[in-house]
Every structure is written in structure tokens, then in C-alpha cells.
Amino acid sequence: MDQTTIRRLSDEATEVLLNKEGTSSSRRGGWMMIATILIEAWDLYAISFVLVFISAEYHPTAVQLGLVTAGVQGGALIGALIGGFVADRLGRKRVFILTMVLFIVLALVQGFSTNVWDLIIVRFLIGIPLGSDISNGYAYIMESMSKGAREVMGSRWQFMFGLGEVFSILVITVMYMTGMDHAILWRVALAIGAIPAFILLLARLDLPETPLSLIQRGQFVKAKEVSQRLFNDPLAMLPNENVVMEKPKVGDFLKVIWADKTKRRATIFGWISNACQGAEFTAFGFYLPVILVTAGVGVAGSGHTTNITGTNFVTAAIYVLATISGLTAPIMISKIGHRGVAMWGYGLAFAGLVLGAFALGANIQWLIVLGACTLMWGHYWDASNGMTITSMVAPARFRATASGFGYVFVKGASFFGAFVFPIMTASWGKVGATLAVSVLSLIGFLAAKFILPELYGYVDQEGKAVAEV
């Protein structure tokens, strides 16, 4: 067959799959991919609860402290680009198995670091498989689940982040309460992330490749088999033989996105939103345990007898609220749309940061907590759909590339926020640094209002698109 006929048949099959109802197998695959967020949340935020102990042992400079916290973000930025590109060429399954294996090994290694630079380097390397897995996982969700269900699943990532954060703070607090030596505690806290990663790896081994990924690589025989398993459709329009498909070029991805007004506006918003929410959280929310400790919230005693168990429980309560917010965001998307969720989320995050800045300046502890709660509720809404949007509007042949490219904005901004916030705080004080972060939330709100088209129910067909509200 010539390339024109092959492309026509693959486009027909793609259109059928994007409008099919999924099966229990497709739903299971979606949950297996979004569960990666639990692993990432543990590794990203467990360290925020043990920074005090790492600082006491290594005495890092402000720059080194920023690199310790931001190292994973920097590695994930590279991993997102590499993982998306490779997944579009080699398939989803190979990538998600490799990334979990690498994470398990590196998570254990970081527990044996001997100095601050060891820790910085290993955490940077850990970010690479994490970033690769997220970009690949979003492509898997958008290709293995039915219309509507894939949007909901993709927007659950903040809920999963919240669960990971609550789980990490509770486990670390229990270890702290046992009197475990702090030099051992932070090492165990970081290395223990390998356990859920190993469980997830075993659960993923029998997941199939996505039919859309197989189609775009010319593997029609396997695509028909997997489509029957996930969507109860054998894709009769495809021949019972594999073909050679023309490989997509990375440059074509941007051309296709830019040629369509809806794709272009949605993607631009997704990039802006991913950057704003990434920096918004890692600049303030990521350092929340440290901020609460220095403000004296929940702290008992002083000096060598200081007990931060109360602070940890306050932080856990805030993250429980955030998890509830993450759970409600996908539900609200079907009621007020992607634009509504983004605008409300960024609006509340902006209000929470301004309130938090005032409370820090006035040293009103209960108001600091209220500001943090408002920020977290808003953040878990505004961060819920950026990745979903960038992945959903991309054509299947570029989807992992588009997901990876979108995640670069999350991780680039997260690296910047985590690295710069300690430096900004040292230069401008906690109030000035917090107000500076609030500008990002305001930008996200304006982008949602003036750039983002409503996309709920969107189904991509290259060259045309359908949005059902």
C-alpha cells in the first residue's frame, strides 16, 4: 500500500478509537498510569518534610538547598522531552517499564549519599525517569480510555499528588515520633519510595501497548488485537498485515498545532498554565513545612528540645484538604468546564498567596494556615487540567511528544521556583517572596479567561476537531 492509503486507513481507525466506549481493561490502564503521580509525589514532597534534617547534617548554602529541592524537577524536564520523543517511536509499554526500573534503583541510591553534592546529582538523575513516565503516561491515558473518561482520569493527577503528599507526611511523622535518628530518618524517607514503585511495576507488566500507538507505527496486526481487548472493536478497516509508516518529525508537531486555532490556543494556555502552577506550588507550597516551622505554627519547645510533630500534623491537614480539592476538580470540569475550573483555581490561589503574605508579615499563625488552605484548594484546581489539555488536543502520532513538551513547562517552572524561592526569601523576606509568587497565579487566571477555549468533550481528528459540551 502507498503512504496515502496507509494514512487514510490509520486516520479512520484513530477516529473510531477516539469515540469508542472503553472496557474495564482500558480503565485499569488509566489508573495504572495516573498512579505514577503517587510515586512522584512521594519523592518530590517527602524531601520537603526532611529538609530540616538534611540541612542539619550537610549545612548547605542557599544555592545548594535550592538544588537539592529542585534537582528532581531539572531532571524531569529533560526526561519529559526524551520520554515523549522515544515513546512516540518505540511505544508506550517499553518506556513505562524502563522508567519504573530506573526510578527504583535511583530511589534506593539516594539514601546512601555521603554529601550534599551526591544527593543533588542523584536527585537530578531520578527526575529523568519520572519526567519520562509522566509524559508517556498521559499519552497512554488519552489513547486507552474513552471520550470523557480520559479527561476525568487525566485531571485526577492533583488528587493523586495529594494522596502521595498525605501518605509521605504521615509515614515520616510516625518515623519521627519513634525517635529515629534524624540522619537515618531522611535517608529512609527518600529511599522508601522504591517500594510503591516496585508494586506499580509489577502491576503494569501485563498492560498492553495502546492501539493508537501501534497504528501510528504500522503494527496493524497487534493494534487490532489490543483494540478488541480495550474497546471491543477489531478495527475491520485495517488490513491483517503490518505496514511501514512514515515516521513523524518533531517539527511537524508544532506545525500541526499552530495550523489549527483551537489546538493553538489550547496548547498555549496549557504551556502557560503548566508553568504558572508549577512555580506557584514549588515556590511556596513545596516549602510549606519549613515556612510553618519558622513561623512557629505547631512547634513545641525550643532549641534542642524543639518538637515539630504539631507542624507536621497541621501540614498533613492542609494536604488532606488539598486532596479533597483534587478529587472535586475532575467532577467540576463536567459542570463548569476547563475554563471555569482554571479560573476559579487560579483566583483562589492568588487570594491565598496574598493572604499568606499579609499573615507572614503580621505573624498571625492561624491566618498563615488559612492562606495556605486557600492556596492549596485553588492550586489543586488550577493544576488539574494543564497536562490533560495539551495531551488531549494533540494528534495521536505526536501525543507523547506533546505531553512531554507540555510537562517541560511544569518541570522548568518547578525547578525555577524551588531553586529561586530560598534565594528570593533571603533577599526580599518571606512577605516579598510570597507576593512575587502570587503574580504567577494572576497570570494563570488571565490566561484561562482570555486564551483558553472551552474544550470539555473535545475529540481530536487531525484536520478537524469535535467538541461536545
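How many of the 18 residues of H17 are buried? Select H17 and colour by accessibility: 13 of its 18 residues are buried, and the helix is mostly covered. Buried means under 20% relative accessible area, exposed means over 50%, and partly exposed lies in between (1.4 Å probe, protein chains only).

**Before you go on**

This is a predicted model, in which local features need pLDDT of at least 70 and side-chain atom pairs count only at pLDDT 80 or more, while totals for chains, interfaces and linings use all residues. Residues are numbered from 1 along each chain as its sequence is written, and side-chain values use heavy atoms, with hydrogens and water left out.

**Whole chain**

Show the cartoon. The chain has 19 helices and 2 strands. Helices (H or I, at least four residues) and strands (E, at least two) are DSSP runs, numbered from the N terminus. The radius of gyration is 22 Å, close to the 23 Å that the globule rule gives for 469 residues, so the chain is as compact as a globular protein of that length. That radius is taken over C-alpha atoms, and the rule is 2.2 Å times the number of residues to the power 0.38.

Switch to the C-alpha trace. Along its principal axes it spans about 75 × 45 × 35 Å. Of the 469 residues, 58% count as buried. Now turn on the surface. About 17100 Å² is exposed, and carbon and sulfur atoms supply 69% of it. These areas come from the Shrake-Rupley method with a 1.4 Å probe; for residues, only the protein chains shown count as cover.

Contact means heavy atoms within 4.5 Å. Among contacts with a separation of 6 or more, 82% are between residues 24 or more positions apart.

**The cores**

Select Val50 and Trp157. Of the 103 residues in the largest nonpolar core, these two touch the most other members. Helix H3 (residues 36-58) gives this core its largest share, 14 residues. A nonpolar core is a set of buried Ala, Val, Leu, Ile, Met, Phe, Trp, Tyr and Cys residues joined through side-chain atoms within 4.5 Å.

Stay on Val50. Not counting residues up to four places away in sequence, Val50 touches Ile172, Leu185, Trp186 and Ala189. A second, separate core has 19 residues, including Leu17, Leu18, Val243 and Ala396.

**Helix H6**

Select residues 116-144. Helix H6 has 29 residues and reaches 42 Å from its first C-alpha to its last, close to the 42 Å expected at 1.5 Å a residue. The expected span is 1.5 Å times one less than the number of residues. H6 is mostly covered, with 23 of its 29 residues buried.

Move to the N-terminal end. Asn115 caps H6 there: a side-chain oxygen lies 3.0 Å from the backbone nitrogen of Trp117. A polar contact is a pair of N or O atoms within 3.5 Å; within protein, one must be able to donate a hydrogen and the other to accept it, and residues adjacent in sequence count only if both atoms are side-chain atoms.

**Arg399**

Which helix holds Arg399? Select H19 (residues 399-450) to find Arg399. Arg399 is buried, with a relative accessible area of 1%. Its side chain reaches the backbone oxygen of Ser391 at 3.0 Å. Leaving aside neighbours within four places in sequence, the contacts of Arg399 include Asp88, Arg92, Ala139, Met142 and Glu143.

**Around H17**

Return to H17. The helix reaches 26 Å from its first C-alpha to its last, close to the 26 Å expected at 1.5 Å a residue. Just beyond, select Asn385, in the loop between H17 and helix H18 (386-392). Is Asn385 buried or exposed? Asn385 is buried, at 0% relative accessible area. A polar atom of its side chain lies 3.2 Å from the backbone oxygen of His338. Asn385 also touches Ser155, Ile333 and Ala342, among residues over four places away in sequence.

Next, select Asn363, in the loop between helix H16 (309-362) and helix H17 (365-382). Asn363 has a positive phi of about 55° although it is not a glycine.

**Last stops**

Leu235 also has a positive phi, about 55°, and is not a glycine. Look for Leu235 in the loop between helix H12 (220-231) and helix H13 (250-259). Leu235 counts as buried, at 0% relative accessibility.

Finish with a distance. Ala351 lies in helix H16 and counts as partly exposed, at 38% relative accessibility. Ala351 and Lys247 are 104 residues apart in sequence and 47 Å apart in space, C-alpha to C-alpha.
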